[in-house]
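Thanks for coming, everyone. I would like to take you through one protein model this morning, beginning at its surface, then going inside, and ending with the overall numbers.

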Amino acid sequence: MSEIEEQFASIYTRNMFLEVRNQITRFEKYNVVRHHKLKASDICTIEKYLSKDHPKRKVTFKRIEKEMSCDCYWLETKGIPCRHVFAAMKHLHLSDIPRNIIKNRWLKECKDIYLSSPDAQRRFVNPDMISSKRYGGINSQANLFLYYCKKPPKVQQRGMELMSTLLVEMQKMVEDVGEEEKTINGAVHEVHDGIKEPHPVATKGRPPQSKSSQQNSSQKKAKARICRVCKKSGHDYRNCKVRKRKCEESMEEDDDDFE
């Protein structure tokens, strides 16, 4: 499996390659106990050596699509191929890595984005990253444009004219660009099927209220405080005159008894 390990080392980042290599070193403890060869796929049953309690896993390899999957779902949860996949690859004598077990987010070329050319597409596309990079590159130029437009009135007027013309042109370009491919300077650049413009999401907040509910809420007044001693409104227990008078009378009675 040295060839497979070298392929992962050439395309994956160092940290993710160490994770994959850990799975490659552990596959030797597993054996293929059953191999079903179907019309367009191979199903291998993987069992751990000298471990009867360990569950058996099934690895499916589609020969036409060159795809491999395992029912342990390690690839779907961790993003890297499991040891069962490597055991099946050795049994099937596969020298090339199936394309579906390579995740684009772990590749060294994940950061290979050409910001100097806005028309250049990333080799392994991530829609969120491309959108943020596009926005960052355009935002700096737009801020510089606005800085010059705020100076004299003539420059501001000219800037508004250019902005209006540019908005109409950009809107027309967005409508003309196809979803599958676009032609730039005579060269055709393929666009990934998953790339779509981000949809605006409304921020969460208080739901809108009707005018009647707003008027009712404004007309509502705070509930008046009621004293628990004299049962009158306008003051509380601490500022109650009745309570203070009773306290003074009780203190005078205590003084008379003491004398």
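Helix α6, residues 153-176, supplies the largest share of the nonpolar patch, namely 5 residues, where helices (H or I, at least four residues) and strands (E, at least two) are DSSP runs numbered from the N terminus. The patch itself is formed on the surface by L146, M163, L166, L167, M170 and M173, which together have about 560 Å² of accessible area. Patches here are made of residues with over 30% relative accessible area and no salt bridge, with like charges joined within 9 Å and nonpolar side chains (Val, Leu, Ile, Met, Phe, Trp, Tyr) within 5 Å; a salt bridge is a side-chain nitrogen of Lys or Arg within 4 Å of a carboxyl oxygen of Asp or Glu. Accessible areas come from the Shrake-Rupley method with a 1.4 Å probe, and for residues only the protein chains shown count as cover.

I should say that this is a predicted model, in which local features need pLDDT of at least 70, side-chain atom pairs count only at pLDDT 80 or more, and totals for chains, interfaces and linings use all residues. Residues are numbered from 1 along each chain as its sequence is written, and side-chain values use heavy atoms, with hydrogens and water left out.

Within helix α6 sits M170, which counts as partly exposed because its relative accessibility is 42%, the classes being buried under 20%, exposed over 50% and partly exposed in between (1.4 Å probe, protein chains only).

Turning to the interior, how many cavities of 30 Å³ or more does a search of the whole structure find? There are 2, a cavity being a set of points, on a 1 Å grid over the protein atoms alone, where a 1.4 Å probe fits but cannot get out, with lining residues having an atom within 4 Å of a point. The largest holds about 40 Å³ of space, and its lining includes M68, Y73, P81 and I101. Strand β4 (67-70) and helix α3 (74-78) each supply at least two lining residues, with β4 giving the most, 3 residues.

K29 lies in the loop between α2 (14-26) and β1 (30-37). Leaving aside neighbours within four places in sequence, K29 is in contact (heavy atoms within 4.5 Å) with E47, K48 and Y49.

Finally, the overall numbers: the protein has 8 helices and 6 strands, and buried residues make up 20% of its 259 residues.

Key:
1 Å grid on protein atoms, 1.4 Å probe; cavity = no way out; pocket = protein on both sides within 12 Å on 5 of 7 lines; lining within 4 Å. Points joined across faces, edges and corners; volume = space filled by probe spheres on them.
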